[in-house]
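Reader: Please take a close look at one part of this model, the place where aromatic rings come together, and explain how it sits within the rest of the chain. I would rather have a connected account than a list.

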Amino acid sequence: MKNFILVALIYLLVVIIFSIFDRDVPIGMADAKIFASLAFALGLSQAFTIFIYSSLAAGIYAAVLLVRKNSTLKTAFPYVPFITLGTLGFYLQLWLQSK
């Protein structure tokens with residue numbers, strides 16, 4: 001249990017430090033809190049897997065927007081839906097591995 005709390009606090013601290021020194025951080029505080037909660041609930045490796053899945057989903061979405069010329073490289077969009085997709089992908093992976 002202490003390990004999960006430590007991981008969540010470290011993740012939250014890193015994002016807070018980045019947001020203090022750089023105002024153009026691509027991830028917001030709400031996203032950081034969600035990832036810290038996931039790290040607390042699931043552990044570091046599982047939260048990292050969800051982060052990778054979320055980033056892939058957001059990257060595909062951004063690429064589609066860029067190709068369709070509906071956005072630029074500076075266009076911001078909410079990340080929470082992609083965290084949800086990443087979490088669903090993680091649990092789908094667990095479910096498929098259990099069969």
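Author: Phe 82 counts as buried, because its relative accessibility is 9%, which falls under the 20% cut-off for that class. This value, like the others here, is computed from a predicted model. The ring of Phe 82 belongs to a cluster in which ring pairs link Phe 35, Phe 51, Tyr 61, Phe 77, Tyr 79 and Phe 82, and the structure as a whole holds seven aromatic pairs. One of these pairs joins Phe 35 and Tyr 79, with 6.2 Å from centre to centre and 50 degrees between the planes, and it is classed as tilted. Since Phe 35 lies in helix α2 while Tyr 79 lies in the loop between α3 and α4, this pair ties together parts that are 44 residues apart in sequence. Both partners are buried: Phe 35 has a relative accessibility of 2%, and Tyr 79 has one of 12%.

Phe 82 itself pairs with Tyr 61: their ring centres are 5.3 Å apart and their planes meet at 45 degrees, so this pair too is tilted. The reason lies in the classes used, since planes under 30 degrees apart count as stacked and those over 60 as edge-to-face, with the rest being tilted. Here again distant parts of the chain are linked, for Tyr 61 is in helix α3 and Phe 82 is in helix α4, 21 residues apart. The two partners differ in their cover, however: Tyr 61 is partly exposed, with a relative accessible area of 38%, whereas Phe 82 is buried at 9%.

From these rings it is a short step to Ser 54, a residue of helix α3. Ser 54 counts as buried because its relative accessibility is 0%. Leaving aside residues up to four places away in sequence, Ser 54 touches Phe 35, Tyr 79, Phe 82, Ile 83 and Gly 86. Three of the rings named above, Phe 35, Tyr 79 and Phe 82, are therefore among the contacts of Ser 54, where contact means heavy atoms within 4.5 Å.

Ser 54 also leads to helix α3 as a whole, where Ala 47, Ile 50, Ser 54, Ala 57, Ala 58 and Leu 65 are buried. In reading such a list it helps to recall that an α-helix has 3.6 residues a turn, so residues three or four places apart point the same way. The cover over the buried residues of α3 includes α2 (29-42) and α4 (80-98). The helix, residues 44-67, has 24 residues, which at 1.5 Å a residue should span 34 Å, and its end C-alpha atoms are indeed 34 Å apart, so the expected and modelled spans agree.

Ile 50 of this buried set offers another view of how α3 and α4 come together. Its C-alpha atom is separated by 7.7 Å from that of Gly 89, although the two residues are 39 residues apart along the chain. Gly 89 lies in helix α4 and, at 24% relative accessibility, counts as partly exposed. A further approach of this kind is made by Gly 28 and Val 80, which are 52 residues apart in sequence and 9.7 Å apart in space, C-alpha to C-alpha. Gly 28 lies in the loop between α1 and α2, and its relative accessibility of 31% makes it partly exposed.

Beyond the end of α3 the picture changes. The helix is followed by Lys 69, which has its place in the loop between α3 and α4. Phi of Lys 69 is near 60 degrees, a positive value in a residue other than glycine, and at 73% relative accessibility Lys 69 counts as exposed. Tyr 79, in that loop as well, is buried by contrast.

Set against the whole chain, these details fit a framework of four helices and zero strands, which run α-α-α-α from the N terminus on. Buried residues make up 26% of the 99 residues. Among contacts with a separation of 6 or more, 64% come from residues 24 or more positions apart. On the outside, the chain exposes about 7100 Å², of which carbon and sulfur atoms supply 73%. Ile 5, Leu 9 and Phe 40 make a nonpolar surface patch of about 260 Å²; of these, Ile 5 lies in helix α1 (residues 2-21) and counts as partly exposed at 36% relative accessibility.

How values were computed. Residues numbered from 1 in each chain as written. Predicted model: local features only at pLDDT ≥ 70, side-chain atom pairs only at ≥ 80, totals over all residues. Heavy atoms only, no water. Patch = residues over 30% accessible without salt bridge, like charges linked within 9 Å, V, L, I, M, F, W, Y side chains within 5 Å. Areas by Shrake-Rupley, 256 points an atom, 1.4 Å probe, with all protein chains shown as cover. Salt bridge = Lys/Arg side-chain N within 4 Å of Asp/Glu carboxyl O. Helix = DSSP H or I, 4+ residues; strand = E, 2+ residues; numbered from the N terminus. Buried < 20%, exposed > 50% of the residue type's maximum accessible area, 1.4 Å probe, protein only. Expected span 1.5 Å × (residues − 1). Phe/Tyr/Trp six-rings, centres within 6.5 Å; stacked < 30°, edge-to-face > 60°.
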